[in-house]
Amino acid sequence: QVQLVESGGGLVQPGGSLRLSCVASGLTYNAYAMSWYRQAPGKERELVAAITAAGGGTNYADSVKGRFTISRDNAKNTVYLQMNSLKPEDTAVYYCNAQLRSLRLEYWGQGTQVIVSS
């Protein structure tokens, strides 16, 4: 019954902003590290940003550093990806990932489409 549901994707102009949300259910959310991945057509899925279970540590792909921010609200079982200064090369399906490393558990959301175009 574990579910990760992404939302917030859409069409945006270059230089614009979007905020993606991922709501988790069916798991002990605050025990999981959370990540955002993306996959563009014809390309491999890549890690965009990650945040530790307690929210004290983050890391980002070099291509999004300074533009994207990952955060989490454990009271709402939600992780966010704030995307600023969007570029056409950010166009992809963005996926939410939850990982509990100690038990080798991992879950994925269904993805939300982001299109950056004029």
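Strand 5 and strand 6 form a hairpin with six residues between them, and glycine 55 in the turn has a positive phi of about 85°. Strands here are DSSP runs of E with at least two residues, numbered from the N terminus, and two of them pair if DSSP finds at least two bridges between them. Strand 6 covers residues 58-60 and runs antiparallel to strand 5, to which three bridges join it; one of the partnerships links alanine 50 with asparagine 59 in strand 6.

This is a predicted model, in which local features need pLDDT of at least 70 and side-chain atom pairs count only at pLDDT 80 or more, while totals for chains, interfaces and linings use all residues. Residues are numbered from 1 along each chain as its sequence is written, and side-chain values use heavy atoms, with hydrogens and water left out.

Strand 5 (residues 46-51) also pairs in the antiparallel sense with strand 4 (residues 33-39), over five bridges, and tryptophan 36 stands opposite alanine 49 in strand 5. These two strands, 4 and 5, form a hairpin with six residues between them, where glycine 42 in the turn has a positive phi of about 80°.

Further along, strand 9 (residues 92-100) and strand 10 (residues 105-108) run antiparallel and are joined by four bridges, with tyrosine 107 in strand 10 as the bridge partner of alanine 98. Four residues lie between the strands of this hairpin, and arginine 104 takes a positive phi near 55°.

Taken as a whole, the chain has eleven strands and zero helices, and 40% of its 118 residues count as buried, meaning under 20% relative accessible area with a 1.4 Å probe and protein chains only.

Note on methods: Buried < 20%, exposed > 50% of the residue type's maximum accessible area, 1.4 Å probe, protein only.
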